[in-house]
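Thanks for coming, everyone. I'd like to walk you through a structure that will be new to most of you, so let's get it up on the screen.

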Amino acid sequence: MTSPVIEKRVPDRLFEGILRILILVLAVVAQFVLLVQLIDFLRINAVYIYFFLEILALVQVLILLNQKGINTYSIAWIIVIMVLPVFGELIYLFWGQSGRRSRKGRQLRTIFSRRSLWLRPDPAVCEKLRLRHPDKQRIPTYLVNQGFPVFDKTRSRYYRVGEDQFEDMFQDLEKAERFIFLEYFIVSDGQLWQRLYEILKRKAEAGVDVRLLYDDIGSMFMVPRHLKELLNESGIKVLAYGKAEKNIFRMYVNHRNHQKITSIDGDIGYLGGTNLADEYANIYPKHGHWKDTAIRLEGDAVWSLTVTFLEMWEGESGEREDYNHFRPRRLSAGDGFYQPFSDGPVNNPENPAETVYQQMITQARHYCYITTPYLVVDEVMLKALCVAAEGGIDVRIVVPRVWDHWFVHKVTRSNYKRLIEAGVIIYEYTPGFMHAKMIISDDNQAVIGSINMDYRSFYLHFENGAWICDSPAVTAIKNDIVETFAVSEQHTLEMVNQTPLWDKLLQTFLRLFAPLF
């Protein structure tokens with residue numbers, strides 16, 4: 001039987017999405033017009049007020065320069081403020097702040113501050129990891145100090161393509177008895193959603209607590225029309241993170257919920273790069289073959305995924321609940337160490353995801369392989385990659401040949417010359433779009449999740465991932481990446497030097513604004 005959600009016509013959804021984005025654009029344009037008029041008014045009628053705003057801009061620059069952990073993102077805003085002292089300062093006040101001082105940011109930090117009530121490290125597991133891998137203590141210890149325990153009673157299954165993940169996920173969903181929590185950046189109408197909706201509807205009718213949290217802007221043009229009403233009628237709870245039309249002036253236009261989590265009864269969890277859309281299962285060839293990856297966890301590490309979902313759900317719903325009701329009930333034999341973690345703009349300037357990636361690169365002793373759809377990184381990350389390669393480490397990065405955002409792809413390519421000259425090997429995935437987000441080093445540790453190697457993932461988006469050590473999944477990840485090298489084209493220094501001058505100039509220009517994309 002066809003889902004009532006699917007019966008809604010695509011043109012209706014598209015029109016609604018265009019209307020909403022048009023309202024958003026008009027609101028932003030109106031703000032710019034207002035700012036311009038305000039500046040003209042100040043210039044003509046109130047020189048002393050203009051002088052005050054200049055001082056305010058200087059103070060803002062000094063604050064940015066002296067903040068803990070200043071980064072390229074902050075420096076980019078300093079340039080904007082200094083070049084446009086009044087206009088730039090007002091733009092920064094509207095869109096450039098980290099979100100820490102906003103009402104929503106304070107609310108989320110309060111929720112995150114209670115994380116220790118639910119997630120507590122087990123000293124026995126930490127000691128077991130220390131004895132087995134004394135050289136792999138920095139990352140897990142750092143993440144424990146950030147509030148994310150390491151678990152050992154967990155086993156996993158790695159998926160090299162999204163279609164394999166969804167087949168297993170649907171089977172697990174059919175067996176749910178207590179709850180199903182889904183958190184994704186994109187929910188799109190199509191064959192995948194139709195199958196998922198039918199399962200969720202049946203489980204909700206059977207009394208299972210079913211919840212869906214998706215990002216409003218990420219799903220704006222693709223989400224089924226009247227999704228909330230239709231799912232609520234089926235007994236399914238649904239929330240859209242950061243409604244765009246409600247948050248024009250604050251953190252939510254830029255700061256999106258990019259996390260990907262499925263938690264089933266707290267015993268089985270999924271995370272990785274896939275969203276709930278047909279292209280992620282190669283049903284719809286949006287950009288050629290869509291290369292994405294995911295991992296299935298079964299055991300105590302799923303508890304971290306459940307807590308992360310509940311934190312974001314509480315942040316959007318405003319309703320506090322006892323997380324203990326959703327603890328796992330099944331024990332599982334362990335096949336390694338697993339440490340799920342999350343990140344977000346309210347952490348700025350200290351970002352666990354970026355720090356973990358840097359440590360994976362700097363700690364590598366033999367090799368470090370990375371897959372990412374975007375390579376838009378700051379000087380610190382570039383330096384870490386170059387130093388590792390110059391130090392004899394086999395550093396390889398796979399990015400897409402078929403891009404989804406041309407300007408981001410230009411910035412990605414702007415980094416090739418420096419990296420290749422340092423000895424980093426760059427591959428472009430030729431069959432289509434490389435969307436997998438993974439990093440692995442030395443056969444015994446890897447990270448998989450929703451984290452891109454770009455400013456948005458490191459500073460602007462809520463992200464999640466899992467550090468994995470001493471697990472068969474690490475070997476599976478390595479084998480998959482090595483096989484990916486074989487179907488990708490290595491980008492050489494000669495190819496970089498053959499880039500037309502106009503393209504090089506465009507790359508350089510776009511690179512200046514990369515942190516603001």
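Here's one to start with: how many residues sit between E15 and E16 in the hairpin they form? Three, and one of the residues in that turn, Asp-442, has a positive phi of about 60 degrees. Before I go on, please keep in mind that this is a predicted model.

Let's stay with that hairpin for a bit. Strand E15 covers residues 438-441, and it runs antiparallel to E16, with four bridges joining the two. If you want a spot to look at, find Ile-439, whose bridge partner in E16 is Val-447. Then go to the loop between E15 and E16, where Asp-442 lies. Asp-442 isn't a glycine, and yet its phi is positive, about 60 degrees. It's also buried, because its relative accessible area is 10% and buried means under 20%.

Now, E16 has a partner besides E15. E16 also pairs with strand E18, residues 463-469, again in the antiparallel sense, this time over five bridges. There, Ala-446 stands opposite Ile-468 in E18.

So is E16 enclosed or open? Strand E16 is residues 445-449, and five of the five are buried, so the rest of the structure largely encloses it. As a reminder, side chains in a regular strand alternate between the two faces of the sheet. For E16, both faces are covered: on one side you have Gln-445, Val-447 and Gly-449, on the other Ala-446 and Ile-448, and all of them are buried.

Let me move to another strand, E3, at residues 209-215. Seven of the seven residues in E3 are buried, which leaves the strand mostly covered. Here too both faces are covered, with Asp-209, Arg-211, Leu-213 and Asp-215 buried on one side and Val-210, Leu-212 and Tyr-214 buried on the other. What about its pairing with E2: parallel or antiparallel? Strand E2, residues 179-184, pairs with E3 in the parallel sense, over six bridges. To find the register, take Ile-180, which has Val-210 as its bridge partner in E3.

Okay, aromatics. Searching the whole structure turns up 18 aromatic pairs. I'll show you two of them. In the first example, the ring centres of Tyr-159 and Tyr-270 are 6.2 Å apart and the planes are at 25 degrees, so we call that pair stacked. Tyr-159 belongs to strand E1 (residues 154-159) and Tyr-270 to strand E6 (residues 268-272), so this contact ties together parts that are 111 residues apart in sequence. Both Tyr-159 and Tyr-270 are buried.

The other example is Trp-290 with Phe-433. Their ring centres are 4.9 Å apart with planes at 65 degrees, so that pair is edge-to-face. Trp-290 sits in strand E7 (residues 289-291) and Phe-433 in strand E14 (residues 432-434), so here the parts tied together are 143 residues apart in sequence. Trp-290 and Phe-433 are both buried as well. And while you're looking at rings, there's an aromatic cluster made of Phe-179, Phe-181, Phe-309, Trp-313 and Phe-326.

How many disulfides are there? The count is zero. Two cysteines you can look at are Cys-126, which is partly exposed at a relative accessible area of 25%, and Cys-469, which is buried at 0% relative accessibility.

A few single residues to finish the tour. Asp-265 is another non-glycine with a positive phi of about 60 degrees. You'll find Asp-265 in the loop between strand E5 (261-264) and E6, and at 7% relative accessibility it counts as buried.

Then there's His-405, in the loop between strand E12 (394-400) and helix H15 (406-414). His-405 is partly exposed, at a relative accessible area of 37%. From His-405 to Tyr-374 is 31 residues in sequence and 9.5 Å in space, C-alpha to C-alpha.

Last stop, the surface. Which residues make the nonpolar surface patch of about 220 Å²? It's three valines: Val-25, Val-29 and Val-33. Val-25 is in helix H1, residues 10-45, and Val-25 is partly exposed, with 41% relative accessible area.

That's my tour, and I'm happy to go back to any part of it.

Conventions:
Residues are numbered from 1 along each chain as its sequence is written. This is a predicted model: local features need pLDDT of at least 70, side-chain atom pairs count only at pLDDT 80 or more; totals for chains, interfaces and linings use all residues. Side-chain values use heavy atoms; hydrogens and water are left out. Patches are made of residues with over 30% relative accessible area and no salt bridge: like charges are joined within 9 Å, nonpolar side chains (Val, Leu, Ile, Met, Phe, Trp, Tyr) within 5 Å. Accessible areas come from the Shrake-Rupley method with a 1.4 Å probe; for residues, only the protein chains shown count as cover. A salt bridge is a side-chain nitrogen of Lys or Arg within 4 Å of a carboxyl oxygen of Asp or Glu. Buried means under 20% relative accessible area, exposed over 50%, partly exposed in between (1.4 Å probe, protein chains only). Two strands pair if DSSP finds at least two bridges between them. Rings of Phe, Tyr and Trp (its six-membered ring) pair if their centres lie within 6.5 Å; planes under 30 degrees apart count as stacked, over 60 as edge-to-face and the rest as tilted. A disulfide is a pair of cysteine sulfur atoms within 2.5 Å.
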